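Here's a quick tour of a protein model for anyone meeting it fresh. Have a look at the picture, then read on for its rings, charges and inner space.

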Amino acid sequence: MAATPTAPTPAPETLAAFEGAKGFMPVREGLALYAAAVEAGRLGLPLLEIGTYCGRSAILLADAARASGTVAVTVDHHRGSEEQQPGWEYHDPAVVDPQVGLMDTLPTFRRTLHAAGLEPYVIAVVGRSPQVAKVWAGEVGLVFIDGGHTDEHANGDYEGWAPRVADGGLLVIHDVFPDPADEFTGQAPYRVYRRALESGAFTEVSATDSLRVLRRTGPGL
């Protein structure tokens, strides 16, 4: 019987940079994201991330882009999502710009990429996901949805970017929690995940904890 292919893994220095970066993605999910990005990179198209924060997952996408001869594109307004605002559980005062009193994760993100040696493989787009999607003309090999966790934002990310996934490309959705008890953190991504499957355009490839990987297999959008 043929051996099961081993999933690609990042180099030790890349994994160390990922683990040392500010952010929330667990290692198991990060490794699944990296494997998906390496696979999608074979299409020779950009790998696109929605929701950059301080660059933890962007490290993995950039390394996969480097290996594939393509580029990672990160889209974020860098003012923080709902749960990262003052008074919420995931707020970090260290990334608040003292001059304007608002979150600004862009400087930390840039330092993260520089320290990892991956700046040349990333195009950072500073803006809101639906606005950027409206002016994006081409296809992408992978879309990683990891932005806001309200229905408005999750659906906006899906509607703007899912149609841009090339045939055979991958749609990756983070923080998918089917349990209604996770209403704020994961129900909107879960509903988007279900919407993608029910569209007929995507087929599920894998599930790793809260990370879902879907392949574009049909028109349906």
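A residue counts as buried when its relative accessible area is under 20%, and as partly exposed between that and 50%. Keep in mind that this is a predicted model. With 8% relative accessible area, Tyr193 falls under the cut-off, so Tyr193 is buried. Tyr190, at 23% relative accessibility, counts as partly exposed.

These two tyrosines sit three residues apart in helix H7 (residues 183-198), so about one helical turn separates them. Their rings form a tilted aromatic pair. Tyr193 has another partner too: the charged end of Arg212 sits over its ring.

By the rule used here, there are three aromatic pairs. One of them joins Trp136 and Trp161, and it is edge-to-face because the planes meet at 65°, over the 60 degrees needed. That pair links distant parts of the chain, 25 residues apart: Trp136 is in the loop between helix H5 (129-135) and strand E6 (140-145), while Trp161 belongs to helix H6 (residues 151-161). Trp136 is partly exposed at 22% relative accessibility, whereas Trp161 is buried at 0%.

Here are two charges that sit over rings:

| Charged end | Ring | Distance from ring centre |
|---|---|---|
| Arg56 | Phe18 | 4.2 Å |
| Arg212 | Tyr193 | 5.5 Å |

What about empty space inside? There is one cavity of 30 Å³ or more, and the largest cavity holds about 50 Å³. Its lining includes Ile145, Asp146, His149 and Pro189. By type, the lining residues split into four nonpolar, four polar and one charged.

How values were computed:
Residues are numbered from 1 along each chain as its sequence is written. This is a predicted model: local features need pLDDT of at least 70, side-chain atom pairs count only at pLDDT 80 or more; totals for chains, interfaces and linings use all residues. Side-chain values use heavy atoms; hydrogens and water are left out. On a 1 Å grid over the protein atoms alone, a cavity is a set of points where a 1.4 Å probe fits but cannot get out, and a pocket is an open set with protein on both sides within 12 Å along at least five of seven lines; lining residues have an atom within 4 Å of a point. Grid points are joined across faces, edges and corners, and a volume is the space filled by probe spheres set on the points. Ala, Val, Leu, Ile, Met, Phe, Trp, Tyr, Cys and Pro count as nonpolar, Asp, Glu, Lys and Arg as charged, and the others, Gly among them, as polar. Rings of Phe, Tyr and Trp (its six-membered ring) pair if their centres lie within 6.5 Å; planes under 30 degrees apart count as stacked, over 60 as edge-to-face and the rest as tilted. Helices (H or I, at least four residues) and strands (E, at least two) are DSSP runs, numbered from the N terminus. Buried means under 20% relative accessible area, exposed over 50%, partly exposed in between (1.4 Å probe, protein chains only). A charge sits over a ring if NZ of Lys or CZ of Arg is within 6 Å of the ring centre and within 35 degrees of the ring normal.
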